[in-house]
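Please look through the sequence and the 3D view that follow, and keep both at hand while reading. The paragraphs below begin at the ligand, move out to the chain as a whole, and end with a few individual residues.

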Amino acid sequence: MPAKKPDNSIKTPKGMRDLLGEEYFTYQGFFEKAAEIALYYGFKPIETPIMEREELFHSVGEHTDVVTKEMYALKAKGSNKFALRPEGTAPVMRAYIEHGMQTWPQPVMLYYGGRFFRHDNPQRGRFREFRQFGLEVIGTDKSIADAMTIKVMATVLEEVGIENIVVDINSLGDKECRTAYKRALVNYFKKHSGKLNAHEKDLLKNNPLRLLDSKNPELEKLKEDAPTSMEFLTGESKKHFKEVLEYLDALDITYQINNTLVRGLDYYSRTVFEFIEQPKEAPEGEGGDKKEEASAPLSLGGGGRYNYLGKALGAKQDVPGVGAALGVDRILMDESVKNLTPRIVKKPKVYFIQLGFEAKLKSLGVIEILRKARLPIRQSLSKDGLSAQLGTAEKLRIPWVVIMGQKEVLENCVIVRNMEDRSQTNVPIEELADYIKKVIAK
Ligand code: AMP
């Protein structure tokens, strides 16, 4: 039989992609900036495995899309079942408990960045493999922790160039308020069950809060008139929410209370929020529903308080916590994001040219001298002719060129050429780094 031809299965899986060159650097630059801001606020890094035991995510909610429909479950040898992580909070809480972080000074403030996986239908801003930057403040129920989490994320968004961010915010209250609220929602939607489709009827039974998340236009009016969680907040929850809003006012963070914001995961209690970029005003006469639909604001991040997650994962006592995650791919798709260059990428100051075999032999040594002196260079060691190499240096607008030919090898020197006025100087190799530093400082 003839060998099977490679087919589509060899391409990247749907909803996943390769990151190359400049785009890779943009992601790296983003994570570097976000981490730097988090570090200033006192967060420390954590990295958890990219896969976890599947049960971990069941604690996130048996009736949430992330667990029921979107999780990549893996079968390995033996009976253990694993899943590619769909979100970051449950793994971080798992790590908190596993490493006995309850005994550390509280709260424990952690940041992380990395890839997450959800088997969702790829569409605008929605991928199967995507990147998040997350924060978790674990071990305090104080409202300032909620406000700080929002503030740090808002700062990250602002510093990468995203303007017009509005924080959609709501409070789901504590267990008691939530039970009463859920009951009221069920009663309300039951009265209108004729308008619900099969999936929504299922939600009504298992996770009524998620009905408020529905994108079904038929439910729009129903959702508007539905009871709100605000009506059910008990004294403590009400006070907590009021304080969070006061902090946001004091921090000049624009927010709007969104009564239908419940977020997908079961573990949230009290504060929930999302970062929404307000659409830029369309020029007059260019409105229209189609356009609005195409640019409907995406949520660039979200989070909330999760006071019951710790116990659900086996902690002996309640572990209050609050966290948030930014959707990095969505943020970087935004046209207002500025150039994000990671620190390791430096503008080249020198272009290195070699001519002939003897020079090639010595070239890596010269490049190493320049690297040790922290002088960023470019080269094309696989090219031969002078004009081709000079042409590249010119195209890249690199101001100084170091040339090494047969003669220079014998004399243990190089030619340094100023690309602006085309003047050239012979420089002994041992003086090269100092010489370049001197001329580029001028
Ligand atoms: P979540 O973990 O669902 O709270 O999501 C936090 C943020 O991650 C969202 O606001 C999105 O910006 C981003 N995000 C969530 N799911 C995806 C996805 N499938 N593809 C790309 N970004 C996503």
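In this predicted model, a convenient place to begin is the side chain of Arg118, where an N or O atom lies 2.8 Å from an oxygen atom of the ligand. A nitrogen atom of the ligand is likewise placed 2.8 Å from a polar atom, this one in the backbone of Phe127. The backbone also takes part at Gly301, one of whose N or O atoms is 3.1 Å from an oxygen atom of the ligand. On its own the ligand has 480 Å² of accessible area, and the protein covers 91% of that area.

Widening the view from these contacts to the whole shell, one finds 13 residues around the ligand, of which Arg118, Phe127, Gln132, Arg263 and Ser299 come nearest. Sorted by class, the shell is made up of 4 nonpolar, 5 polar and 4 charged residues. The elements that contribute two or more residues to it are the strands β6 (129-138), β10 (299-305) and β11 (321-327), and the largest share, 3 residues, is supplied by β10.

The chain that surrounds this site contains 16 helices and 16 strands. Its C-alpha trace spans about 90 × 70 × 60 Å along the principal axes, and its radius of gyration is 28 Å, whereas a compact globule of 442 residues would have a value near 22 Å. Among contacts with a separation of 6 or more, 72% are made by residues 24 or more positions apart. Buried residues account for 49% of the 442 residues, while the accessible surface of the chain amounts to about 24,100 Å², with 52% of it belonging to carbon and sulfur atoms.

A single residue can show how parts of the chain that are separated in sequence are brought together in the model. Lys151 sits in helix α5, which covers residues 143-159, and its C-alpha atom is 7.9 Å from that of Leu248, although the two residues are 97 positions apart along the chain. When neighbours within four places in sequence are set aside, Lys151 is in contact with Tyr41, Leu251 and Ile253. Is Lys151 nevertheless to be classed as buried or as partly exposed? Because its relative accessible area is 23%, Lys151 counts as partly exposed, given that buried means under 20% and exposed means over 50%.

The backbone deserves a separate look. Most residues other than glycine have a negative phi, and most peptide bonds are trans. Against that background, the peptide bond from Gln106 to Pro107 is cis, with omega near -5°, and Pro107 itself belongs to the loop between α4 (89-98) and β5 (108-117).

Two asparagines, neither of them a glycine, have a positive phi. For Asn164, phi is near 55°, and the residue is located in the loop between α5 and β7 (165-171). Asn412 has a phi of about 55° and lies in the loop between α15 (406-411) and β15 (413-418). How accessible are these residues, in relative terms? Asn164 has a relative accessible area of 40% and is therefore partly exposed, and Asn412, at 35% relative accessibility, also counts as partly exposed.

Terms used:
Residues are numbered from 1 along each chain as its sequence is written. This is a predicted model: local features need pLDDT of at least 70, side-chain atom pairs count only at pLDDT 80 or more; totals for chains, interfaces and linings use all residues. Side-chain values use heavy atoms; hydrogens and water are left out. A residue is near a molecule or strand if one of its heavy atoms lies within 4 Å of it. A polar contact is a pair of N or O atoms within 3.5 Å; within protein, one must be able to donate a hydrogen and the other to accept it, and residues adjacent in sequence count only if both atoms are side-chain atoms. Accessible areas come from the Shrake-Rupley method with a 1.4 Å probe; for residues, only the protein chains shown count as cover. Helices (H or I, at least four residues) and strands (E, at least two) are DSSP runs, numbered from the N terminus. Ala, Val, Leu, Ile, Met, Phe, Trp, Tyr, Cys and Pro count as nonpolar, Asp, Glu, Lys and Arg as charged, and the others, Gly among them, as polar. The radius of gyration is taken over C-alpha atoms; the globule rule is 2.2 Å times the number of residues to the power 0.38. Buried means under 20% relative accessible area, exposed over 50%, partly exposed in between (1.4 Å probe, protein chains only). Contact means heavy atoms within 4.5 Å.
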